[in-house]
Amino acid sequence: MHLSRVTAFLFFFYFSLAVSGLQRLKLTPERGTTLNISNQVKGSACKVCSGERRRCDTSLVLKDNTPVEVEFDCRQPEDVFRVEIIRNIECTTKSCGGDIIQADTGLHPLLDFHRTFTWNLKASVPKAVQVDFTKVGLRQMSPSANCPDRHAYALKAFQATGTVVIGKYCRAGPISGAQILNKGSFSLDAPPGLKVQSDQFGVSVGEEIKSFAKITVSLPQQSSSLELLSPNFPESFPDDDVMEWYFHMDAKHKATVEFQDLTQPRCLKKKTAAEYHSQSRAAVVLGLTDTQPVQNRGDFSLTLRNCEMDRRRADSPGLAVKIKVSASRASSPVLCGVDLRKIKVLSLHLERLRKASECEMKMNSVTMEKITVPSGSVTQLSFQDCLPDDVLVTASGVIGCTHIKDCLKLPVPLSVPSLPSCLPVPLSAVTWALRPPLHGTVELTSSIGALQQHLPRKPCNDSIITVSEDDGTTVGHFCPQGAIQKVQIHTNVSVTVTRRGGQALRPALKPLLTACMKEEIAERYIFTVSPKRDKSVLLATPGWPEGMESYATVSWIVSLPAKMEAHLMFVNLSQPKCANRHTNIRVQRIGSLEEDYSRREDEELEETSVAENFYLNMSNCMPETGHFKVITEITLQKSTNKMLVTIVSVVAALVLLFLLVLVVVCFVIKKKKKKLEHEVSIYNANGTDFLAGHNSFPKSREDNESHVYASIEDTLVYTHLLRKGEEMGVYTESDTYQPFPGQTYPQRPLASKDGNNMEVAVYQEYPLSNQEAPPLPNRPPSHNQALVDNVIYQSQPSMEEHSAKMGPRLEPEGGD
């Protein structure tokens, strides 16, 4: 607990009584805090008194937050009495009841007293209680030594066998923490007149340790040594017990342990021993007189074990030892020759990253923070105590020309160089600066397959190629195994190759890219893309995810496989508010003068499909607010012949229309035939006609309507011809048919043309048997045939009954 809080609750009122010459204090201890005033001088009669009845004794304990007046019965009590302020801190298995905070605020009246601030610590089994000294740092001292600032600390462990003094310590040392099993205490001893410095020590739940105490020591990075003492030194180490020190050491250092001023006991059981543990090797147990091993593999722990001592004789020694630990740099300079004569264009750069590290880099025996090995040179380097985290190794080069005619005609391979393994860390990045002429273009192609863009939905797994302009604008991040065949940029660019996660680059048999200089292009950026059948392609605008520059243009030339069409979706779209011009997204087939698709920033984008190779063009405006950026997703699907689909659709429509008309015609004809079948005239020899199907008594010819037909076929309409013939003298009255009133005789039915028997109207012979029938007028054969084949008064069966026998029905000639 903060001592200022403790003393805030301890209100001291100090005054001197001139009459008696005694000192009187008015004290109010805080709840949970105990104030102990005791006489430490043997034979002194000075007492401390308190209470209304003035009870006096050599010591006084105040607590429970009760105000008490204290009076000393001697003139200089500070030379006799000592004051101890005690605070208890108890821990559970998860947390502790406060930190240790020391201060003497409000204790000025006690400044002349010898004061001890004590914090009693209690752990919760099986955990230990841990005190953190990281902010201050402690170093162990001999019990008879004094601290330079007179701030002396002590650690104690309370065991069943008694109290163990773990050690006494001064400020500003390598000891960063301590853990105490079960119960213990941490105290500050302040001599008279010392103003205590304000400090804080964290208290927390520790580990499940196997010793009564564990001290953590952080060895400095530079060469150093320190001295540790066994508990209770110079007295004996606890009988048959264990104490542990844990050393945190830089991997570049080595440590040696030496036991000095060793006093060993007579052992009844077991033996004294030193046990070493480290992460990289098995435990090592040695006797205290043996040569202790050098520790050079990072952190390690030292455990001191005592035996069951023979203490039957008074002069029997116990275990006491000084432990000297020395740390020094473990490595020697490493020479490294770098030959760049076979590496075209590139220079090598080495930079020391951590200023606090002991890494030492030299080029030609000169120590440097940054080293540059020029292209084509041979240089001798040296490194000492340089860890992988201490050094950054990169390479860079410039490729360019002034005029197109001077540019290299062949592509320049952009490869990751192979560097010597003696460097402290492998190559982490390679950068090529590509400088085309004024009216030139940089063209990048991949030697290990087409490229894809590094995007959230399709991230790169290994190497990442970053293409940037000179002003830092990112054109895009790329990696192999994609659909982008070629990238053309009409400006100066830098190409940087790194590995994902900051891993070291690995030399490859083939270059990642090839670069060349070409004639200028119309757009700022042109990408040549060849999508694959089974994979969708994501194309992001340059500068993603920040957005395109003002007025910048970009084109993608997309080539499709045979019998495939591209489906375009515009995702992750961001449109700006334009101050001048408009943004534009345009799709146009190669070789076509018409646009297939075009949208501005104030128009809604839709999905579209293209069945041929096409251009995808995008341009930015001068944004007032916002950015222009978009990801286009291209998915291939089987194409359809639109002309064939159109023709088939038209033919199908015509066929459907024809079938519909045919159905209507058949329906009308069928309806007409059904009416004819029900309305057939029947010839009666008695001179009266009646309709079949009517059961009523027939009417006379004058009354009935047998001569009126609802439907008359063309071939039956001929009576008007007879009348005209009579008027012209061709026919006589005998030529017209008269109903015969006499007896009728059955006749054989007329035969149809197809040979099938077909029932027709029964012919009645002329009544004059001895005379021939009146001759027929001369008619054209067709007319005669029509009269024969189409006799009006026929009695025909229904079509359903004789359709199978009659065959196809002959349609009448003529029109309606």
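Here is a walk through this predicted model, from the whole chain down to single residues.

Let's start with the overall picture. The protein chain has 816 residues, and 40% of them count as buried. Its secondary structure is made up of five helices and 56 strands. Take the contacts between residues at least 6 apart in sequence: 78% of these join residues at least 24 apart. The accessible surface comes to about 46000 Å², with 52% of that area belonging to carbon and sulfur atoms.

With 56 strands in the chain, pairing is a good place to look next. Strands of a sheet pair through backbone hydrogen bonds, and they can do so in a parallel or an antiparallel way. One open sheet has four strands in the order β28-β33-β30-β31, and its pairing is antiparallel. The edges of this sheet are β28 (334-339) and β31 (366-367); each has a single partner strand, so one side of each is left without a neighbour in the sheet. If you zoom in on the β31 edge, you will find β30 (residues 360-363) pairing with β31 in the antiparallel sense over two bridges. There, Met 363 stands opposite Val 366 in β31.

Now turn to strand β18 (residues 213-218), where both senses of pairing can be followed. Strand β15 (residues 175-181) runs antiparallel to β18, and five bridges join the two. Strand β20 (residues 242-248) is also joined to β18 by five bridges, but this pair runs parallel. Lys 214 is a handy residue to click on here: Gln 179 stands opposite Lys 214 in β18, and Lys 214 in turn stands opposite Glu 244 in β20.

Strand β27 (residues 320-329) also has pairings to trace. It pairs with β19 (residues 224-229) in the antiparallel sense over six bridges, and Ser 225 stands opposite Ser 326 in β27. Nine bridges join β27 to β21 (residues 253-263), again running antiparallel. In that pair, Lys 254 stands opposite Ser 328 in β27.

Two individual strand residues are worth a visit. Ile 100 sits in strand β9 (residues 100-102). Its relative accessibility is 0%, so Ile 100 counts as buried, the cut-off being under 20%. The C-alpha atom of Ile 100 is 9.8 Å from that of Ser 187, a residue 87 places away along the chain. Thr 496 belongs to strand β42 (residues 493-499). Its side chain makes a polar contact of 3.0 Å with the side chain of Thr 431. Leaving aside residues up to four places away in sequence, Thr 496 touches Ala 429, Val 430, Thr 431, Ile 464, Ile 465 and Thr 466.

Finally, let's look at some loops with backbone geometry to check. Most residues other than glycine have a negative phi, and most peptide bonds are trans. The bond from Val 125 to Pro 126 is cis, with omega near 10°, and Pro 126 lies in the loop between β10 (114-122) and β11 (128-132). The bond from Trp 544 to Pro 545 is cis too, with omega near 5°. Pro 545 is in the loop between β45 (537-540) and β46 (553-558), and Tyr 551 lies in the loop between β45 and β46 as well. Tyr 551 has a positive phi of about 65° although it is not a glycine, and at 32% relative accessibility it counts as partly exposed. Gln 481, in the loop between β40 (474-480) and β41 (484-489), has a positive phi near 65°. Gln 481 is exposed, with a relative accessible area of 63%.

Notes. Residues numbered from 1 in each chain as written. Predicted model: local features only at pLDDT ≥ 70, side-chain atom pairs only at ≥ 80, totals over all residues. Heavy atoms only, no water. Buried < 20%, exposed > 50% of the residue type's maximum accessible area, 1.4 Å probe, protein only. Contact = heavy atoms within 4.5 Å. Areas by Shrake-Rupley, 256 points an atom, 1.4 Å probe, with all protein chains shown as cover. Pairing = 2+ DSSP bridges. Polar contact = N/O pair within 3.5 Å; in protein donor to acceptor, adjacent residues only side chain to side chain.
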